[in-house]
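Colleague: I should like to go through this model with you, one local feature at a time. Please reason through each answer and finish on the value or name I ask for.

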Amino acid sequence: MKSDELKSGPKQLKTASEHGIQAPLALLAELSHRCPLQCPYCSNPVQLEKKTGELTTDEWKSVIDQAVDMGMHQIHLSGGEPTVRHDLEDIVEHCTVKGLYSNLITSGVLLNPDRLKKLEKLGLEHVQLSFQDTDNENADRIGGYKGGHAKKLEVAKWVREVELPLTCNCVVHRQNIDNLENFIQMALDLDAERVEIAQVQYYGWALKNRAAFIPTPEQLDHATEIVEKARIDLKGKLVIDYVIPDYYAKHPKNCMGGWGRRFLNMNPKGEVLPCHAAETIPHLKFDNVREKSLKWIWENSEAFNLYRGTDWMPDPCKSCDRKEIDWGGCRCQAMALTGDAKNTDPACSISPLHKEIFAMAAEEARHAPPEFIYRRYGVRFNSPI
Amino acid sequence: MKDILKINESVKPKFPKHVRFRHNKARDEWVILAPERLVKLDPVAVEILKLVDGKVSVGEISTDLSKKFNAPKEVIMKDVIEMLQELSDKGFIEE
Ligand code: SF4
Ligand code: SF4
């Protein structure tokens, strides 16, 4: 009986190389889930890591070594809030020594000029500063942190003073999307190289707050117009990256170039995830760099191999000619909205659930926004490369 | 605020501070790295970019390459300008 069970057990999943997948390009390193802000759309898992479980400095250094040996190009130092770690300087320095391009993704509120100067000296290459809105009152309400916005404006100046390049990360939604022109102007005023305008994605906290965030189709059309015009006007001056919300797109976005195809995400305790929201898929088991090498994990980890390629897909994705373009959309969103991560992302207009969910979202957009549900701590902005 | 750069023969191109032109040992390939950007380069682009240092002009780069590849300077320069303009529009090259 036993041996029969073994034989008929789960069939062997294809590994990264069997899928023809090369080494990942970049690592999103969540150094800590601690964060002084409390954005209601934060994508960090509801179970936040405590400080005690976090990887040590040496463990991160070893991860960096492994990432470079694998051929990765960039590391995004993120959180929660990465600057809560006092060894951020050591980690940045190690990236520089190893030739890994380092990018700090921060809310900024814990930074001071000296620390920025030091980080720049140690070879930090870029800073991404998150903004919740363009005026103090709204921004501080959304971020749940008094004085936060004013502090961020100051931090942006310090960043430019030490000649670090700056990206303004702006998460837009129904309550601030009408300020889009101000966001772009703010980025120009702050002498940013780049502004990233992303819509809230709906899983984790954001899903609980969807009704408060979902923009109306009219708001969205208007926003797209503004971005298109600004892109022409500001060509060569300011790079504008803009992601429209899945709900109003015809097909889902090509999520991170496909599940487990280009990027790795690590949480503070060393678990390796195919994407930052993968913990919202309850049946996924993650391997940990404390037990296995990063290379082994990329090649063999079940959490990666489960949704690699197209073999796992049910219809309509299975028979769709876009399946190797968008890879069926977002697994986390499929999980959150349909209860099965394998399903076609309902953001796709071909999904049988699209109409129903789309109608629900549009309905929510028509009503007055309810109060936010705040999490305890954590700002987070995610869209590596 | 920066102005738009128009690449011509006398421009001395360089990489902005936050842009890295780097050889990745493990992959054995040259790439341009910038915030959330990665540009893979063909061999011709690599040859051009290896000469970019903020001190030599587009004209000098083209002369160099025309010798190296035994091709007329005008032909080379057209390619050099085109490629650098494209990279400059994306913020990967400045003067
Ligand atoms: S059906 Fe699936 S593969 Fe086709 S466009 Fe929609 S999500 Fe993409
Ligand atoms: S599966 Fe992709 S789109 Fe979905 S949350 Fe993860 S990274 Fe984002």
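Modeller: Let us begin with a salt bridge: Lys229(A) is paired with Asp233(A), and their closest N and O atoms are 2.8 Å apart. Please bear in mind that this is a predicted model.

Colleague: In which helix do Lys229(A) and Asp233(A) both lie?

Modeller: The two residues are four apart, about one turn of the helix. Lys229(A) counts as exposed, at 54% relative accessibility, while Asp233(A) counts as partly exposed, at 43%. The element that holds both is helix H10 (residues 217–233) of chain A.

Colleague: How many salt bridges are there over all chains?

Modeller: The criterion is a side-chain nitrogen of Lys or Arg within 4 Å of a carboxyl oxygen of Asp or Glu. By this rule the count over all chains is 22.

Colleague: What does the salt bridge between Lys17(B) and Glu120(A) join?

Modeller: The side chains meet at 3.0 Å, N to O. Lys17(B) is partly exposed at 37% relative accessibility, and Glu120(A) is partly exposed at 21%. Because Lys17(B) lies in the segment before strand S1 (20–24) of chain B and Glu120(A) in helix H4 (residues 113–121) of chain A, the pair joins two chains.

Colleague: Is Asp287(A), the salt-bridge partner of Lys292(A), buried or exposed?

Modeller: The side chains of Asp287(A) and Lys292(A) meet at 3.5 Å, N to O. Lys292(A) is partly exposed, at 31% relative accessibility. For Asp287(A) the relative accessible area is 16%, and the limit for burial is under 20%. Asp287(A) is therefore buried.

Colleague: Which residues are joined into one network by salt bridges that share partners?

Modeller: The network draws its members together through shared salt-bridge partners. Its residues are Arg194(A), Glu196(A), Asp241(A) and Arg37(B).

Colleague: Over the face of which ring does Lys292(A) lie?

Modeller: Besides its salt bridge with Asp287(A), Lys292(A) sits 4.4 Å from a ring centre. Another lysine, Lys152(A), lies over the face of Phe131(A) at 6.0 Å from the ring centre. For Lys292(A), the ring is that of Trp296(A).

Colleague: How are the rings of Trp259(A) and Tyr307(A) arranged?

Modeller: A pair of aromatic rings is described by the distance of the centres and the angle of the planes. This is one of five aromatic pairs over all chains. With centres 5.5 Å apart and planes at 80 degrees, the pair is edge-to-face.

Colleague: How many residues apart in sequence are the parts tied together by that pair?

Modeller: Trp259(A) belongs to the loop between strand S7 (239–243) and strand S8 (263–266) of chain A. Tyr307(A) belongs to the loop between helix H12 (302–305) and helix H13 (331–338) of chain A, so the parts tied together have a sequence separation of 48 residues.

Colleague: Which residue joins Trp259(A) and Tyr307(A) in a cluster of ring pairs?

Modeller: Tyr307(A) has a further partner, with ring centres 5.3 Å apart and planes at 75 degrees, so this pair too is edge-to-face. Trp259(A) and Tyr307(A) are both buried, and the partner is buried with a relative accessible area of 12%. The residue that completes the cluster is Trp312(A).

Colleague: What is the volume of the largest cavity?

Modeller: The structure holds six cavities of 30 Å³ or more. The lining of the largest cavity includes His251(A), Pro316(A), Cys317(A) and Lys323(A), and by class it has six nonpolar, three polar and three charged residues. Its volume is about 90 Å³.

Colleague: What is omega for the peptide bond between Asp315(A) and Pro316(A)?

Modeller: Most peptide bonds are trans. Pro316(A) lies in the loop between H12 and H13 of chain A, and the bond that joins it to Asp315(A) is cis. Its omega is about 5 degrees.

Colleague: What is phi of Trp327(A)?

Modeller: Trp327(A) is placed in the loop between H12 and H13 of chain A and is buried, with a relative accessible area of 12%. Most residues other than glycine have a negative phi. The phi of Trp327(A) is positive, near 55 degrees.

Colleague: Where is Asp28(B) found?

Modeller: Asp28(B) has a positive phi of about 50 degrees although it is not a glycine. Asp28(B) is exposed, with a relative accessible area of 58%. Its place is the loop between S1 and strand S2 (29–34) of chain B.

Terms used: Residues numbered from 1 in each chain as written. Chains lettered and ligands numbered in written order. Predicted model: local features only at pLDDT ≥ 70, side-chain atom pairs only at ≥ 80, totals over all residues. Heavy atoms only, no water. Phe/Tyr/Trp six-rings, centres within 6.5 Å; stacked < 30°, edge-to-face > 60°. Buried < 20%, exposed > 50% of the residue type's maximum accessible area, 1.4 Å probe, protein only. Lys NZ or Arg CZ within 6 Å of the ring centre and 35° of its normal. 1 Å grid on protein atoms, 1.4 Å probe; cavity = no way out; pocket = protein on both sides within 12 Å on 5 of 7 lines; lining within 4 Å. Points joined across faces, edges and corners; volume = space filled by probe spheres on them. Nonpolar A, V, L, I, M, F, W, Y, C, P; charged D, E, K, R; others polar.
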